[in-house]
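Dear colleague,

Please find below the structure that I am handing over to you, shown with its sequence. My account of what was found in it follows directly after.

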Amino acid sequence: MNKIINYLKSISLFLILFLIYLLVISLIYYLEVFSYNVVSIINYIVILLLFFVLGFKTSSLEKSKGYLNGFIISLSICFVFSLITLFISKYSFGTLVYYLSLILSSITGGIIGVTKK
């Protein structure tokens, strides 16, 4: 039960940061501060960092098996993102690589979250 509560804490932190990020990036794109390519690169980097923080936070709460905690939490969120992708657009090889990079980022955050004391 304690593990589920820790996962829910991490997911709620991720969702709050993700919603704030969506508001900021939408405003930047709406005001045309940067071109579409720059916004896409910023988007990719920030989402990778958010997944890293998600894995880090989850593993620091659990204090063991960081790679597994990062994998489980990122897999659950990527599963939801995949379902949304299936309904909105076509699923491609690039999308699969994108989700795998998010999972690897979260696993890396999980490993660092356990080793950092």
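**Findings**

Leu86 is exposed, as its relative accessible area is 53%. This residue belongs to helix H3. Please bear in mind throughout that the model is a predicted one.

Leu86 also forms part of a nonpolar surface patch of about 1300 Å². The other residues in that patch are Phe79, Val80, Leu83, Ile84, Phe87, Ile88, Tyr91, Phe93, Leu96, Val97 and Leu100. Two helices, H3 (66-88) and H4 (93-115), each contribute at least two residues to the patch. H3 provides the largest share, with seven residues. Tyr91, by contrast, sits in the loop between H3 and H4. With a relative accessible area of 37%, Tyr91 is partly exposed.

**The chain as a whole**

The chain contains four helices and zero strands, and its pattern along the sequence is α-α-α-α. Its radius of gyration is 15 Å, close to the 13 Å that the globule rule gives for 117 residues, so the chain is as compact as a globular protein of that length. Along the principal axes, the C-alpha atoms fill a box of roughly 45 × 30 × 20 Å.

Of the 117 residues, 32% are buried. The accessible surface of the chain is about 7800 Å², and carbon and sulfur atoms account for 76% of that surface. Among contacts with a separation of 6 or more, 75% are between residues 24 or more positions apart.

**Helix H1**

Helix H1 covers residues 2-30, which is 29 residues. The distance from its first C-alpha to its last is 42 Å, close to the 42 Å expected at 1.5 Å a residue. The buried residues in H1 are Asn6, Tyr7, Ser10, Phe14, Phe18, Tyr21 and Ile25. In an α-helix there are 3.6 residues a turn, so residues three or four places apart point the same way. The cover over the buried residues of H1 includes helix H2 (36-62) and H3. After H1 comes Glu32, which has a positive phi, near 55°.

Phe14, one of the buried residues of H1, can be set beside the exposed Leu86. The two are 72 residues apart in sequence, and their C-alpha atoms are 22 Å apart in space.

**Helix H3**

H3 has 23 residues, which should span 33 Å at 1.5 Å a residue; the end C-alpha atoms are 33 Å apart, in agreement with that value. Although H3 supplies seven residues to the nonpolar patch, this helix also has buried residues, namely Gly66, Asn69, Gly70, Ile73, Ser74, Ile77, Cys78, Phe81, Ser82 and Thr85. These buried residues pack against H1, H2 and H4.

**Ser106 in helix H4**

Which residues does Ser106 touch, leaving aside those up to four places away in sequence? They are Phe51, Phe52, Gly55, Gly70, Ile73 and Ser74. Ser106 is located in helix H4 and has 0% relative accessibility, so Ser106 counts as buried. Three of its partners, Gly70, Ile73 and Ser74, are themselves among the buried residues of H3.

Yours sincerely

Note on methods: Residues are numbered from 1 along each chain as its sequence is written. This is a predicted model: local features need pLDDT of at least 70, side-chain atom pairs count only at pLDDT 80 or more; totals for chains, interfaces and linings use all residues. Side-chain values use heavy atoms; hydrogens and water are left out. The radius of gyration is taken over C-alpha atoms; the globule rule is 2.2 Å times the number of residues to the power 0.38. Buried means under 20% relative accessible area, exposed over 50%, partly exposed in between (1.4 Å probe, protein chains only). Contact means heavy atoms within 4.5 Å. Accessible areas come from the Shrake-Rupley method with a 1.4 Å probe; for residues, only the protein chains shown count as cover. Patches are made of residues with over 30% relative accessible area and no salt bridge: like charges are joined within 9 Å, nonpolar side chains (Val, Leu, Ile, Met, Phe, Trp, Tyr) within 5 Å. A salt bridge is a side-chain nitrogen of Lys or Arg within 4 Å of a carboxyl oxygen of Asp or Glu. The expected span of a helix is 1.5 Å times one less than its number of residues.
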